[in-house]
Amino acid sequence: MEKTTVTMEKIVNLSKARGIIFAGSDIYGGMGNTWDYGPIGVEIKNNIKRAWWQKFVQQSDNSYGIDAAILMNSKVWEASGHTASFSDPKIDCKECKSRFRADTLIENASKSAINVDSMSHEAMEAYIAAHKIKCPVCGKQNFTSIRTFNLMFETARGVTDEGQNKIYLRPETAQGQFVNFLNVQRTTRAKIPFGIAQIGKAFRNEITPGNFIFRSIEFEQMEHQFFCKEGTDTQYYEEYKEKAYQFLLDLGFHKEHLRFKDHDKLAHYAKSACDIQYLFPMGWNELNGIHNRTTFDLMQHQTYSGKNMFYTDAITNEKYIPYVIEYSIGADRLMLAVLCESYYEEVLEGGDIRTVLKLHPALAAYKVAILPLQKNLADKAKEVYKKLAKEFMVTYDDAGSIGKRYRRQDEIGTPFCVTIDFDSLENNTVTVRDRDSMAQIRLDIDALSAYITKSLILK
Ligand code: ATP
């Protein structure tokens with residue numbers, strides 16, 4: 001089956017209509033670029049996080065999970081460099097007062113023909129003037145000069161107005177791993193190489209958020225820091241590139257929709273860095289990053305905290321600060337990619353179009369829908385529902401024709417529909433309909449659980 005052309009509009013509309021994602025604070029007119037996950041969305045997102053955790057913690061014999069505080073000592077952000085330089089180049093239209101990221105303005109105007117990564121502010125200003133780039137909102141050409149804009153959200157801690165200290169909502173989760181490096185190492189007796197994983201919220205005061213949940217101001221990251229000895233770092237960098245890519249294939253991504261992109265401009269401390277990009281409806285864009293961060297972060301924390309961050313090899317007694325290979329992916333951005341990747345519209349025999357989310361069953365909100373053919377079969381149907389609900393998220397639907405009920409489940413990606421009919425009362429069997437092929441088989445009720453469980457395993 002050919003992949004349907006997916007537009008962002010279709011994904012947004014389906015999300016809203018089917019309880020996947022709603023605009024944040026909707027009844028108050030929204031709160032720009034915040035999103036609330038509905039009953040279906042929260043399940044899919046939790047399943048995405050679970051799949052990531054399974055792959056990078058559960059199935060790894062040398063990775064450990066943590067859940068660090070969002071609010072951290074402000075010195076963390078001085079040490080990490082975020083206070084001084086976690087910023088984007090902002091430019092304002094003097095006519096309509098709209099604000100833009102200068103790099104994005106150039107990228108869009110040049111249709112990505114220009115690589116802005118290595119451009120200075122002066123070079124960007126010169127390019128905007130020379131190419132007479134206009135304000136995308138009002139069409140005029142009258143911009144301010146470019147200024148840096150720190151992306152961290154500030155808040156204040158303290159119980160009196162006078163005694164308040166400026167603190168930040170974390171802009172990334174990774175620092176939680178760095179500050180806990182030795183806590184984890186000591187308590188698990190981990191030997192290098194080993195990894196620390198974390199899933200949690202991060203906040204960025206983005207200048208130009210947008211494209212639905214692609215770039216928002218509050219989002220979740222799934223980050224894995226792998227600590228290794230200098231000299232082995234390149235090998236692990238390559239390994240994590242492969243693991244990150246394989247994870248996406250395991251979730252069902254098509255190879256043609258993924259590509260690696262090396263960073264053209266490296267951060268001063270980075271030895272190598274690349275992104276995996278996905279072909280989103282608006283074009284190729286970063287899905288995740290893999291970075292060789294060298295010893296930078298642990299060194300910085302050692303300097304700023306005054307605490308020794310050296311690792312001691314228990315056998316050789318060698319002491320050193322390890323290199324770090326970082327793999328970082330946004331849970332929400334991955335959710336958007338998963339929705340786009342699994343969205344299909346298929347023309348059925350009678351000419352009707354069915355919309356179907358072909359999610360990997362492990363990611364689907366409900367694993368199975370229980371559909372009694374008639375309402376007077378409710379007792380048997382409820383019995384099956386209760387039995388399966390002990391193991392999986394199950395939904396129940398007795399409203400409307402069976403065809404309509406199938407369509408509703410297709411739209412939210414439920415992999416199996418179980419129909420209860422009069423034979424079910426006689427011989428304890430049900431019809432199981434497969435979401436993707438629409439093929440139906442007859443199964444004993446007692447065999448359902450094993451049948452569904454088998455489909456949930458990720459490679
Ligand atoms: P971008 O270039 O898109 O701004 P980045 O290079 O700043 O991303 P990182 O700091 O490496 O991103 O963050 C790691 C991951 O977190 C990204 O690959 C992306 O999946 C996710 N992410 C970053 N910023 C946002 C955001 N504002 N909204 C949603 N997800 C985000």
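# Reading this structure, one question at a time

User: Helix H9 is followed by Gly-252, so to speak as its neighbour down the chain: what is the phi of Gly-252?

Analyst: A word on the ground rules: this is a predicted model, where local features need pLDDT of at least 70, side-chain atom pairs count only at pLDDT 80 or more, and totals for chains, interfaces and linings use all residues. Residues are numbered from 1 along each chain as its sequence is written, and side-chain values use heavy atoms, leaving out hydrogens and water. Helices (H or I, at least four residues) and strands (E, at least two) are DSSP runs, numbered from the N terminus. Gly-252 comes after H9, and its phi is positive, near 110°.

User: What span does H9 reach from its first C-alpha to its last?

Analyst: H9 covers residues 233–250, which makes 18 residues. The expected span is 1.5 Å times one less than the number of residues, and that comes to 26 Å here. The model is close to that figure, with H9 reaching 25 Å.

User: Which tyrosines of H9 are buried?

Analyst: "Buried" means under 20% relative accessible area, "exposed" over 50% and "partly exposed" in between (1.4 Å probe, protein chains only). The buried list for H9 includes Asp-233, Lys-241, Phe-247 and Asp-250. Its tyrosines are Tyr-236, Tyr-237, Tyr-240 and Tyr-245.

User: Which strands stand at the edges of the seven-strand sheet?

Analyst: Strands count as paired if DSSP finds at least two bridges between them. The sheet is open and mixed, with the order S3-S9-S10-S16-S13-S12-S11. Each edge strand has a single partner, so one side of it is left without a neighbour in the sheet. Those edge strands are S3 (63–66) and S11 (258–262).

User: What angle does helix H8 make with strand S9?

Analyst: Angles run from 0 to 180 degrees between N-to-C directions, using axes fitted to C-alpha atoms (for helices, over the stretch in contact). Helix H8 (residues 181–188) packs on the sheet and touches S3, S9 and S10, where a contact means heavy atoms within 4.5 Å. Relative to S9, the direction of H8 is at about 135°.

User: Which residue in S10 stands opposite Gly-200?

Analyst: Strands S9 (residues 194–203) and S10 (residues 218–228) run antiparallel and are joined by 10 bridges. Across that pairing, the partner of Gly-200 is Gln-221.

User: Where is Glu-172, buried or exposed?

Analyst: Glu-172 is in the loop between strand S8 (165–169) and helix H7 (174–179). Leaving aside residues up to four places away in sequence, Glu-172 touches Trp-77, His-82, Ala-202, Arg-204, Gln-221 and Glu-223. Its relative accessible area is 9%, so Glu-172 counts as buried.

User: What is the strand order of the three-strand sheet?

Analyst: This open sheet has antiparallel pairing, and its edge strands, S5 (99–101) and S6 (147–150), each pair on one side only. The twist averages 50° from one strand to the next. Its order is S5-S4-S6.

User: How far is Lys-90 from the nearest side chain of opposite charge?

Analyst: Lys-90 lies in strand S4 (residues 87–92). Lys and Arg count as positive, Asp and Glu as negative, while His and the chain ends are not counted. A salt bridge needs a side-chain nitrogen of Lys or Arg within 4 Å of a carboxyl oxygen of Asp or Glu. Lys-90 is buried yet has no salt bridge, since the nearest opposite charge, Asp-92, is away by 5.0 Å.

User: Which residue does Asp-92 meet in a salt bridge?

Analyst: Asp-92 is buried, at 11% relative accessible area, and its partner is partly exposed, at 41%. Asp-92 lies in strand S4 and the partner in strand S6, so the pair ties together parts 55 residues apart in sequence. At 3.5 Å, N to O, that partner is Arg-147.

User: How many residues apart are Asp-332 and Lys-45?

Analyst: These two form a salt bridge, with the closest N and O atoms 2.9 Å apart. Asp-332 is buried at 6% relative accessibility, and Lys-45 is buried at 7%. Asp-332 sits in helix H11 (residues 331–342) and Lys-45 in helix H2 (residues 39–58), making the separation 287 residues.

User: How many salt bridges does the count come to?

Analyst: Side chains of opposite charge can pair when their charged atoms come close. Among the residues linked in a network are Glu-346, Arg-354 and Asp-410. The count comes to 29.
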